[in-house]
Amino acid sequence: MIPTDRMAAVDANAAALGVPRKQLMESSGNAVAREVRAVADPGATVALVCGRGNNGGDALVAARFLTEYAVRVHLLGRPETVRTDIARENWAALGKAEIPRETVTDSRDLDLAAPDGDDPDVIVDAMLGSGISGGLREPERTAAAAINASDATVIAVDVPSGIDADTGDPTGGPDAVAVDADRVVTFHDEKPGLAALDAAVAVADIGIPAAAERYTGPGDLLGLDRDPDSHKGDNGEVLVVGGGPYTGAPTLSALAALRAGADLVRVACPESVADAVQGFSPNLIVRPLPGDRVGSSHAARVASLAAENDVVVLGPGLGDGDGTREFVREFLTAYDGQAVVDADALRVVPEVDTDADLICTPHQGELVDMGGETAADPDERAELVREFAADLGHVLLVKGAVDVIADADGVRLNRTGNPGMTVGGTGDVLAGTVGALAAVTDPFRAAAVGAYVVGRAGDAAADANGAGLVATDLPDRLPEAMRNE
């Protein structure tokens with residue numbers, strides 16, 4: 001089962017893997033035609049009611065596969081307003097093939113009757129697909145009412161028009177008009193809301209590679225654009241806690257969080273390194289802590305700072321000492337927000353009972369130190385990581401040539417990046433990037449997208465600098481890496 005937003009990502013990932021939407025539309029249309037054949041014999045009358053998007057395009061393709069039926073295609077709207085090139089191409093193909101078609105620009109003109117004046121034997125509802133919000137407008141509203149008034153067998157493409165594919169409820173509210181389908185042919189995997197419908201559901205394999213769902217890709221970036229009406233702070237406030245023995249690590253994390261989209265990034269670090277951290281960028285807000293190491297005496301102060309932020313990035317440059325470990329333990333025990341845990345702070349996680357939602361970002365050696373297991377084969381490693389994530393109750397992002405992202409419910413792999421990223425500091429960039437993303441999306445997705453975009457930034461840096469890649473090359477490349485192109 002796959003929700004609609006994830007399905008959109010998988011579609012885009014499939015295109016990036018070389019399986020274009022045009023090819024998927026051809027397979028989808030063929031699947032719709034198969035469903036028509038399952039309910040009606042050759043010679044039956046079939047009315048295909050098509051919207052102007054790719055859902056309608058699927059039915060335009062289906063019409064070409066139904067040569068043994070008496071088909072008529074009803075396009076709701078003017079052909080020049082069809083929203084995608086591939087749907088327009090399929091509309092044009094119907095004309096060249098002399099398949100009966102008509103445009104409906106006024107809902108009062110819609111007539112679904114067969115040539116003999118009777119209801120058609122089958123109606124294909126391809127007006128609107130998944131991901132639509134709000135009630136049906138005209139001409140779809142009148143078309144839906146006409147479909148429901150017919151005695152025809154109604155086959156919906158992907159989801160009945162006017163129904164939320166994730167919930168099964170009408171998109172316009174409980175009393176809104178929606179198509180009452182007898183059958184639904186959906187693609188790749190069932191959508192969560194379809195089980196609530198009084199309709200037979202067929203899931204059609206349309207050739208989407210398993211890798212489009214298993215691996216991260218450009219589709220994972222969908223929906224992460226900033227709201228044009230947002231204000232300062234709406235896109236995330238991140239607190240990086242680290243430094244003492246090192247100044248570069250917390251700075252890299254903080255700069256990465258800014259470049260990954262956080263509105264405000266604060267760094268809580270020992271006063272001995274505060275000026276050095278601040279000197280890297282005026283965009284950082286530095287909160288000095290007394291002394292030269294973060295210790296248990298700072299737990300209350302950091303907790304107070306954390307309460308003012310959406311996400312904490314804990315660990316970059318923190319060092320490994322008894323006082324530092326005790327600080328991490330005290331902080332996580334009391335904290336109930338979101339945190340990305342990296343570097344030396346990772347070892348404490350298995351020992352702590354916390355209400356926080358954690359994203360842990362170990363490399364494979366750190367994973368073993370935490371009590372997890374690894375393997376050379378990525379698929380075997382993925383299962384081991386998923387099992388350990390379930391035991392911990394947190395999200396894991398295990399870095400490697402192939403990154404593994406897992407929680408108790410699933411696994412994703414990431415293969416962006418390159419061997420040049422073994423240089424110091426790239427993990428700090430990753431932690432900050434994931435922190436920024438965790439402020440605007442769920443922890444699992446934040447980890448998966450973070451791995452993907454940091455790898456893309458690293459690949460761009462390697463293209464520019466070859467073997468001279470260093471961690472400071474990455475943050476400035478993150479905005480471009482986060483573009484869905």
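**Figure 1. The largest nonpolar core and its best-connected residues.** In this predicted model, the largest nonpolar core brings together 49 residues. Ile 359, Ile 405, Val 453, Val 454 and Leu 474 are those with the most contacts inside it. Helix α14 supplies the largest share of this core, with 11 residues. A second, separate core also appears, made of 42 residues that include Leu 289, Leu 318, Val 348 and Leu 358. As a general backdrop, nonpolar side chains tend to be buried together in soluble globular proteins.

**Figure 2. A closer look at Ile 359 and its contacts.** Which residues does Ile 359 touch, leaving aside its neighbours within four places in sequence? The list begins with Ala 339, Val 340 and Val 341, and continues with Val 395 and Val 434. Ala 438, Pro 443, Ala 446 and Ala 447 complete the set. Ile 359 is also one of the residues with the most contacts inside the largest nonpolar core.

**Figure 3. The largest pocket and its lining.** Here the view turns to empty space, with a volume of about 750 Å³ in the largest pocket. Its lining is built from 34 residues, and Lys 399, Met 421, Val 423, Thr 426 and Gly 427 lie nearest the centre. Two or more lining residues come from each of α7 (248-259), α13 (426-438) and α14 (443-465). By class, the lining holds 13 nonpolar, 15 polar and 6 charged residues. Helix α13 gives the largest share, 4 residues.

**Figure 4. Helix α13, a contributor to the largest pocket.** This helix has 13 residues and spans 18 Å from its first C-alpha to its last, close to the 18 Å expected at 1.5 Å a residue. Is α13 mostly covered or mostly exposed? Mostly covered: 13 of its 13 residues are buried. Even so, α13 provides 4 residues to the lining of the largest pocket.

**Figure 5. The second largest pocket.** The volume of this pocket is about 580 Å³. It is lined by 23 residues, with Asp 11, Arg 21, Asn 54, Ser 130 and Asp 158 the closest to its centre. The elements giving two or more residues to this lining are α1 (4-16), α2 (21-39) and α3 (54-65). The largest share, 5 residues, belongs to α1. Sorted by class, the lining of the second largest pocket comprises 7 nonpolar, 9 polar and 7 charged residues.

**Figure 6. Helix α1 and what it packs against.** From first C-alpha to last, the 13 residues of α1 reach 19 Å, close to the 18 Å expected at 1.5 Å a residue. The buried residues of this helix are Thr 4, Arg 6, Met 7, Ala 9, Val 10, Asn 13 and Ala 14. They pack against α2, β6 (183-187), α6 (211-214) and β16 (410-414). Just after α1 comes Gly 18, which takes a positive phi of about 100°.

**Figure 7. Leu 17, in the loop between α1 and α2.** This close-up follows a residue of the loop that joins these two helices. How exposed is Leu 17? Leu 17 has a relative accessible area of 40%, so it counts as partly exposed, a class that lies between under 20% for buried and over 50% for exposed. Beyond its neighbours within four places in sequence, Leu 17 contacts Pro 209, Ala 211, Ala 212 and Arg 415. Leu 17 and Ala 212 are 195 residues apart in sequence, yet 7.3 Å apart in space, C-alpha to C-alpha.

Methods:
Residues numbered from 1 in each chain as written. Predicted model: local features only at pLDDT ≥ 70, side-chain atom pairs only at ≥ 80, totals over all residues. Heavy atoms only, no water. 1 Å grid on protein atoms, 1.4 Å probe; cavity = no way out; pocket = protein on both sides within 12 Å on 5 of 7 lines; lining within 4 Å. Points joined across faces, edges and corners; volume = space filled by probe spheres on them. Nonpolar A, V, L, I, M, F, W, Y, C, P; charged D, E, K, R; others polar. Expected span 1.5 Å × (residues − 1). Buried < 20%, exposed > 50% of the residue type's maximum accessible area, 1.4 Å probe, protein only. Core = buried A, V, L, I, M, F, W, Y, C linked by side-chain atoms within 4.5 Å. Contact = heavy atoms within 4.5 Å.
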